[in-house]
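Visitor: Hello! Could you take me on a close look at one part of this chain, the largest nonpolar core, and then show me what lies around it?

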Amino acid sequence: VLPADFGDRDDGPEARSCRMGLLMINLTNPVAEVGMANSPMIWSRPIPLGWYFNQQWSRFMGSSYVEAMCDKFVEDDRMWKNFANELPTCPCLLRQATVDRGRYAPDFECDRDGNTECFYHQGAQHCVRTGMPNHDGAGQQCCYDLNGYLMMTSDNKWGGTPMRSHNLGVLPWNEAAKIPTMSHWLQDISPFYPCCMWQDEQSGGCQTYRFERRPSQDCVGYLPPGGATVFGDPHVYTFDNQAYTFNGMGEYVLVRANTPRVKLDVQGRFEQVNDSPYGTVYATSLSSVAAKDNFSATVEVRMRQ
């Protein structure tokens with residue numbers, strides 16, 4: 001596929017308004033090739049369409065079409081709800097981000113254990129994203145340099161950026177900005193091309209993108225995850241480092257969060273332990289745990305008898 005072959009085409013204003021798309025490859029004569037009436041199809045991942053529309057954009061939008069595209073994104077994005085203030089704070093260090101598994105997961109576009117290219121975050125060794133979108137479908141992204149420190153768009157254009165649309169999407173998927181992958185590409189990745197990839201880092205468009213529309217969030221106020229445990233007969237260590245022994249028998253709430261954004265219940269069942277060779281044991285142990293959050297079904301784990 002040679003972009004120069006499409007330079008003299010005119011696909012019309014509606015097609016030229018597209019900033020991203022997918023490539024579909026199929027057989028032109030499937031009956032002769034594979035004996036099928038309909039050809040098998042292979043779809044690409046989402047890609048920017050500058051390679052195809054570049055010369056059309058230049059002819060119909062003028063030589064400043066890149067700046068015009070970026071300005072249009074900024075104008076439209078300012079009409080949307082401000083979302084970044086509702087996202088969780090980034091961990092300060094890479095070693096914190098990799099163990100904060102309850103909130104963050106590796107970003108497959110920049111993963112030190114997988115895709116190390118980091119095309120959109122050059123100079124990073126690893127990025128993480130919030131494991132789940134918030135109720136509006138947004139998500140946080142945090143990237144870390146070779147020294148393990150948080151990268152900021154205030155330093156250069158390769159820092160991590162908050163996502164108006166999380167790549168996993170959020171139900172209902174038929175609403176704007178909530179479609180998995182496609183909304184993320186439309187809202188967060190495709191604007192990066194005309195604003196910063198096709199313009200200088202110090203241009204007005206890239207500055208607006210970096211400092212206003214998708215600025216990295218620092219780690220001020222970040223609280224590392226705490227730990228709690230129940231073991232033995234049973235001994236309890238709470239999230240605030242309190243320790244005590246509790247021999248009650250029955251079902252109890254171990255963890256409960258009930259806020260507009262997070263709802264989580266973890267319940268435990270405590271049963272009397274089996275008698276020893278010396279007689280009755282007046283102690284209990286944790287025999288099963290059940291958990292449920294905003295979206296999940298109830299998950300129960302029982303100790304094997």
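Guide: Happy to! One term comes first: a residue is called buried when its relative accessible area is under 20%, exposed when that value is over 50%, and partly exposed in between. Keep in mind too that this is a predicted model.

Let's set the scene before we zoom in. The chain has eight helices and 14 strands. Its radius of gyration is 26 Å, well over the 19 Å that the globule rule gives for 305 residues, so the chain is more spread out than a compact globule. Along its principal axes, the C-alpha trace spans about 90 × 55 × 35 Å. Of the 305 residues, 36% count as buried. The accessible surface comes to about 18300 Å², and 55% of this belongs to carbon and sulfur atoms.

Now for the core itself. In soluble globular proteins, nonpolar side chains tend to be buried together. Here the largest nonpolar core holds 20 residues, and those that touch the most other members are Tyr120, Ala124, Trp185, Phe192, Cys195, Cys196 and Tyr209. Which elements give two or more residues to this core? They are helix 4 (65–79), strand 6 (124–130), helix 6 (182–189), helix 7 (192–197) and helix 8 (204–213). The largest share, four residues, comes from helix 7.

Let's pick out Ala124 from that list. Not counting residues up to four places away in sequence, Ala124 touches Cys110, Cys118, Cys143, Tyr144, Asp145 and Met151. Apart from the largest core lies another one, of nine residues, and Tyr144 is among its members, as are Cys90, Ala97 and Met152. Notice that Tyr144 is a contact of Ala124 and also a member of that other core.

From here we can step over to Tyr104, in strand 5 (residues 104–106). Is Tyr104 buried or exposed? With a relative accessible area of 4%, Tyr104 is buried, because that value is under the 20% cut-off. Leaving aside neighbours within four places in sequence, Tyr104 is in contact with Cys90 and Ala97, and also with Pro88, Thr89, Pro91, Val128, Arg129, Thr130, Gly131, Gln140 and Cys142. Between Tyr104 and Met151 there are 47 positions in sequence, and their C-alpha atoms are 16 Å apart in space.

Next, have a look at Tyr149, found in the loop between strand 7 (141–145) and helix 6. Tyr149 is partly exposed, with a relative accessible area of 48%. Setting aside residues up to four places away in sequence, Tyr149 touches Cys92, Leu93, Cys143 and Tyr144. Its C-alpha atom is separated by 9.2 Å from that of Arg95, although the two residues are 54 apart along the chain.

That loop between strand 7 and helix 6 also holds Ala177. Most residues other than glycine have a negative phi, and most peptide bonds are trans. Ala177, however, has a positive phi of about 70° although it is not a glycine. At 10% relative accessibility, Ala177 counts as buried, because it falls under the 20% cut-off.

Now let's return to helix 7 and follow the chain onward. In the loop between helix 7 and helix 8 sits Trp198, which is partly exposed at a relative accessible area of 34%. Without its neighbours within four places in sequence, the contacts of Trp198 are Gly50, Trp57, Val66, Met69 and Tyr193. Trp198 and Val66 are 132 residues apart in sequence, yet 7.0 Å apart in space, C-alpha to C-alpha. Such pairs fit into a wider picture: residues 24 or more positions apart account for 52% of the chain's contacts with a separation of 6 or more.

Further along, two more spots are worth a visit. Pro234 lies in the loop between strand 8 (229–231) and strand 9 (235–237). The peptide bond leading from Asp233 to Pro234 is cis, with omega near -25°. Then comes Asn241, in the loop between strand 9 and strand 10 (243–245). Asn241 has a positive phi near 70° and is a residue other than glycine. At 68% relative accessibility, Asn241 counts as exposed, whereas Ala177 counts as buried.

Methods
Residues numbered from 1 in each chain as written. Predicted model: local features only at pLDDT ≥ 70, side-chain atom pairs only at ≥ 80, totals over all residues. Heavy atoms only, no water. Rg over C-alpha atoms; globule rule 2.2 N^0.38 Å. Buried < 20%, exposed > 50% of the residue type's maximum accessible area, 1.4 Å probe, protein only. Contact = heavy atoms within 4.5 Å. Areas by Shrake-Rupley, 256 points an atom, 1.4 Å probe, with all protein chains shown as cover. Core = buried A, V, L, I, M, F, W, Y, C linked by side-chain atoms within 4.5 Å.
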